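Q: Please take a close look at the largest pocket in this model and at the nonpolar packing that goes with it. Which residues lie nearest the centre of the largest pocket? Then follow a few individual residues outward into the rest of the chain.

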Amino acid sequence: MTDPAPIHTWADALEACLEAHAIARINRVAVLAETASTQDAARRMAANQPGLLVITAHQTTGRGRLGRAWSDHPEHSLAMTLALNARAHEPAHLALATGVALAQAGAGLLPADTLGLKWPNDLVERTTGRKLAGILVETAGPLALVGIGVNVTHTRDQLDSAGLAAATSLADL
């Protein structure tokens, strides 16, 4: 893997990518060096206006479905939340649609048929069932908040020593 671009350059790069691909659902990008939770930050920063992407390289108190903690290690993971219009998107379908999109994106990075979906909100490595990414969809007034956490650069040893034997990362795969 190559060294990642410094976090302070992410917003401009993401906005340029969104513009180049004419992605109209997202019109604002906020990149945070660290935040407690991208879900909470997006809820607060969006001010009930959809179209915001909040992304960070480290969440200090990320969460998953059913109030579970999302374990995050600085500079090894990506966490993001998309604040979408809840009236334009069926929140019940967003977790599955997001999982499919993540699997398609991962298919360009990994050997064919490496990734699968585990209902209702996990992206997993097919043969071991180890979790690569999690999805959390919450609604807040007019917003559907679609949170995504991806394990990126963890090694197998790091995951095992952190008690995350049921997890994997892009680097591990």
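A: The largest pocket and its surroundings

Helix 3 contributes the most to the lining of the largest pocket, with 7 residues. The model is predicted: local features need pLDDT of at least 70 and side-chain atom pairs pLDDT 80 or more, while totals for chains, interfaces and linings use all residues. Residues are numbered from 1 along each chain as its sequence is written, and side-chain values use heavy atoms, without hydrogens and water.

The lining of this pocket (an open set of points on a 1 Å grid that a 1.4 Å probe fits, with protein on both sides within 12 Å along at least five of seven lines; lining residues have an atom within 4 Å of a point) consists of 46 residues. Nearest its centre lie Ile55, Leu78, Met80, Val150 and Val152. At least two lining residues each come from helix 1 (10-20), strand 2 (52-56), strand 3 (77-85), helix 3 (91-107), strand 6 (131-140) and strand 7 (143-151); helices (H or I, at least four residues) and strands (E, at least two) are DSSP runs. The lining divides by class into 35 nonpolar, 8 polar and 3 charged residues, with Gly counted as polar and Asp, Glu, Lys and Arg as charged.

The largest nonpolar core (buried nonpolar residues joined through side-chain atoms within 4.5 Å) has 27 residues. Leu53, Leu82, Leu102 and Leu123 touch the most other members of this core. Helix 1, strand 2, strand 3, helix 3, strand 6 and strand 7 each give at least two residues to it. Apart from this core lies another, of 10 residues, including Ala30, Leu52, Ala140 and Leu145. Leucine 82 touches residues from several parts of the chain: with those up to four places away in sequence left out, its partners are Ile26, Leu52, Leu53, Ala144, Leu145 and Val146 (contact means heavy atoms within 4.5 Å).

Two residues in strands come next. Glycine 116 sits in strand 4 (residues 115-118) and counts as buried because its relative accessibility is 10%, buried being under 20%, exposed over 50% and partly exposed in between, with a 1.4 Å probe. Beyond four places in sequence, glycine 116 contacts Asp122, Leu123, Val124 and Arg126. The C-alpha atoms of glycine 116 and threonine 127 are 9.2 Å apart, with their positions 11 residues apart along the chain. Aspartate 122, in strand 5 (residues 122-125), is also buried, at 12% relative accessible area. Its contacts beyond four places in sequence are Gly116, Leu117, Lys131, Ala133 and Gly134.

Leucine 173 belongs to the segment after helix 4 (156-161). It is partly exposed, at 33% relative accessible area. Outside four places in sequence, leucine 173 is in contact with Leu110, Thr114, Leu115, Glu125, Leu132 and Thr168. Its C-alpha atom is separated by 9.9 Å from that of histidine 154, 19 residues away along the chain.

Two loop alanines complete the list. Alanine 22 lies in the loop between helix 1 and strand 1 (28-32), and alanine 47 in the loop between helix 2 (38-46) and strand 2. Alanine 22 has a positive phi of about 50° although it is not a glycine, and alanine 47 likewise has a positive phi of about 50°. Alanine 22 is exposed, with 66% relative accessible area; alanine 47 is exposed at 52%.
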